[in-house]
Amino acid sequence: MSIKRSLTSVPLKLSTLLMLFFLMLGTQVFAANPEVSDSEEAIAAGKSIFNANCKTCHKLDQKSVGPALRGVTDRRSIDWTKKFIRNSQALIASGDAQAVAIYNEFNQLVMPNHEFLSDDDLMNLLAYVEYGDKADAAVASAGGEGSVAAGGAGIPSEYLTIILAVLVIVLLLILIVLGLIISILTKYLKTQPLDEADQEFINQKSDFKKVFRSDAFVIIITALVVALVVKTALDELYTIGVQQGYAPKQPIAFSHQLHAGQYEIPCQYCHTGVEIGKSANIPSANICMNCHMHIQNVGGKDGISPEIAKIYAAVDENKPIEWVRVHNLPDLSYFNHAQHVAVGGVECQTCHGPIEEMEVVYQHSTLTMGWCIDCHRQTSIRTEGNEYYDKLVQLHSGSKNALKVKDIGGLECAKCHY
Ligand code: HEC
Ligand code: HEC
Ligand code: HEC
Ligand code: HEC
Ligand code: HEC
Ligand code: HEC
């Protein structure tokens, strides 16, 4: 009896101990250096410095190009961390063991200097790094920075097709069921004693051959076939010169899946024009060298990868890499990235598809005039926080519908044609 009781209490005691242990461990892991402030202002100030200078290579809770930063003030002294951020190479050159170790661990990738950051800046940065909201990582990886989903209003055309197809199938099913009911009823009636007129009526009803041979039926079928052929021909005509799916081989096997997907390097780091100008820009070899000066191979292998050697050659010979253009509008049309990305808040993926999953970039959308116009009809403009639109919004306040791009002239020929 007593043996039994003591036995059952063993797991109980063990689990309490385990819980205590984990509680202690938990507080240990999450305790940052007490010198680091956890005030809201410090965290907010630190976040903007982080986003402007560090986000390209660091995430708080996950390894990226550089190490995950949360908990850094726990594993290093504040003084060391400040020195490393301001000028990591100086610290490494001084032979500091910790600095040399992390440098080697990251394939001797040189972190840029940040001498311009004041002491206060650095303390705010550390506040963000230690206490910045943890949901942040998820938001950043979803790519959503206050951007408005485009094409939210209206039913997309793919859905319309699906709905139509479903309706047709339902109609056919109803017809089949009705046919079945008729045939069952006829069979039943045939077993009943009926007078001659009724008999004739039943037999005539089930004679389908007549229907197939009737003029009306032939005309309907011919009309359907003609309509189908015409529609296919028109669709073909509209898509002449459309390069959807075009994925040329590039001179260097550059992977967006690796850079923009796995390492989450922001699009703007390479496509620098996207928020400020007409063209998105393709990065020069110098931008590649920011990182590839030190990353010469994948996974820390020795030697230089032949693909990366091509970047070195381009820089040495001072010759641009000859990337093959994927997206190309004809000269008669005008398209501006800043207008769509910075003002309109349209995400790259809405027009370019899941670039961050592409080993080789392909053209996701048709880039036809109809494509531009469809979106301008359906998409609401982003008016909040844009003084330019305040008057327009007031004028429009009587209407129930949101302001669409078409309402600000998005369908005028001259807006898109020179
Ligand atoms: C171009 C990429 C890049 C940028 C930008 C960058 N870092 Fe780093 N960082 C690294 C790499 C890579 C390492 C690993 C050490 C090394 O290779 O020098 C590192 C290491 C660190 C470390 C040491 C972490 C540890 O566990 O010891 C700290 C702290 C740090 N970075 C903070 C920052 C801060 C703060 C900023 C922005 C002000 C920043 N980094 C910007 C790439 C970068
Ligand atoms: C590390 C640099 C880098 C990053 C980060 C990057 N790109 Fe690129 N991108 C390139 C290079 C180089 C090319 C040209 C070679 C190619 O087409 O693959 C390119 C090509 C493209 C093209 C095709 C351009 C054309 O020729 O029409 C699109 C679209 C594009 N990138 C979108 C994006 C988007 C969206 C992101 C973010 C999710 C992104 N890129 C992130 C370097 C980058
Ligand atoms: C912000 C840093 C960064 C920039 C900028 C950058 N890369 Fe990379 N690149 C990386 C990282 C990280 C890897 C993967 C290394 C690993 O997995 O060990 C990589 C890998 C590669 C590889 C694969 C090498 C192989 O052997 O398979 C190629 C090719 C490459 N990059 C080309 C480019 C080109 C071209 C550019 C400029 C348009 C560029 N990279 C810009 C960080 C960068
Ligand atoms: C509203 C649709 C749309 C959005 C949003 C958009 N693009 Fe584009 N992009 C285009 C079109 C259209 C072209 C072809 C432009 C041309 O040929 O003049 C293009 C071309 C490009 C090119 C080739 C070089 C150039 O500038 O012509 C790159 C690179 C590119 N886009 C990157 C991006 C990135 C990165 C983003 C997000 C920050 C983005 N795009 C957002 C429609 C869009
Ligand atoms: C995914 C949706 C989308 C697609 C596709 C798109 N646009 Fe737009 N476009 C917008 C939005 C949103 C705005 C409004 C931006 C603003 O608030 O000024 C806009 C605005 C414009 C404007 C300025 C209109 C004005 O009256 O100020 C022009 C010009 C334009 N787009 C051209 C094009 C061209 C050319 C294409 C096709 C190659 C295209 N757009 C494709 C969403 C789109
Ligand atoms: C929202 C932008 C936009 C507006 C508004 C617009 N277009 Fe276009 N248009 C384009 C684009 C982009 C192309 C090139 C697409 C292609 O070649 O498939 C084009 C192509 C054309 C072409 C050449 C077709 C071909 O096959 O080469 C003609 C003609 C044309 N547009 C006339 C007009 C007229 C007329 C209007 C005014 C009623 C107009 N467009 C309004 C964007 C626009």
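Helix α4 bends by about 115° at Asn87 in this predicted model. The helix covers residues 78-93, and its 16 residues place the end C-alpha atoms only 19 Å apart, short of the 22 Å that a straight helix would reach at 1.5 Å a residue. Helix α4 also gives the most to the shell around ligand 1, with 4 residues.

**Helix α4 and its packing**

- The buried residues of α4 are Ile78, Trp80, Thr81, Lys82, Phe84, Ile85, Asn87, Ser88, Leu91 and Ile92; Asn87, where the helix bends, is thus listed among them.
- These buried residues pack against three other helices, namely α3 (72-75), α5 (97-105) and α6 (119-131).
- Gly95, just after α4, adopts a positive phi of about 85°.

**Shell around ligand 1**

- The shell comprises 17 nonpolar, 5 polar and 2 charged residues.
- At least two residues of the shell come from each of α3, α4 and α5.
- Of the 24 residues around ligand 1, those that come nearest are Cys54, Cys57, His58, Leu109 and Met111.

**Polar contacts of ligand 1**

- The side chain of His58 has an N or O atom 2.8 Å from a nitrogen atom of ligand 1; His58 is also one of the residues that come nearest to the ligand.
- The side chain of Arg75 places an N or O atom 2.8 Å from an oxygen atom of ligand 1.
- For Arg76, a polar side-chain atom lies 2.7 Å from an oxygen atom of the ligand.

Definitions and conventions:
Residues numbered from 1 in each chain as written. Chains lettered and ligands numbered in written order. Predicted model: local features only at pLDDT ≥ 70, side-chain atom pairs only at ≥ 80, totals over all residues. Heavy atoms only, no water. Expected span 1.5 Å × (residues − 1). Bend = angle between axes of the 7 residues up to and from the residue. Buried < 20%, exposed > 50% of the residue type's maximum accessible area, 1.4 Å probe, protein only. Contact = heavy atoms within 4.5 Å. Near = heavy atom within 4 Å. Polar contact = N/O pair within 3.5 Å; in protein donor to acceptor, adjacent residues only side chain to side chain. Nonpolar A, V, L, I, M, F, W, Y, C, P; charged D, E, K, R; others polar.
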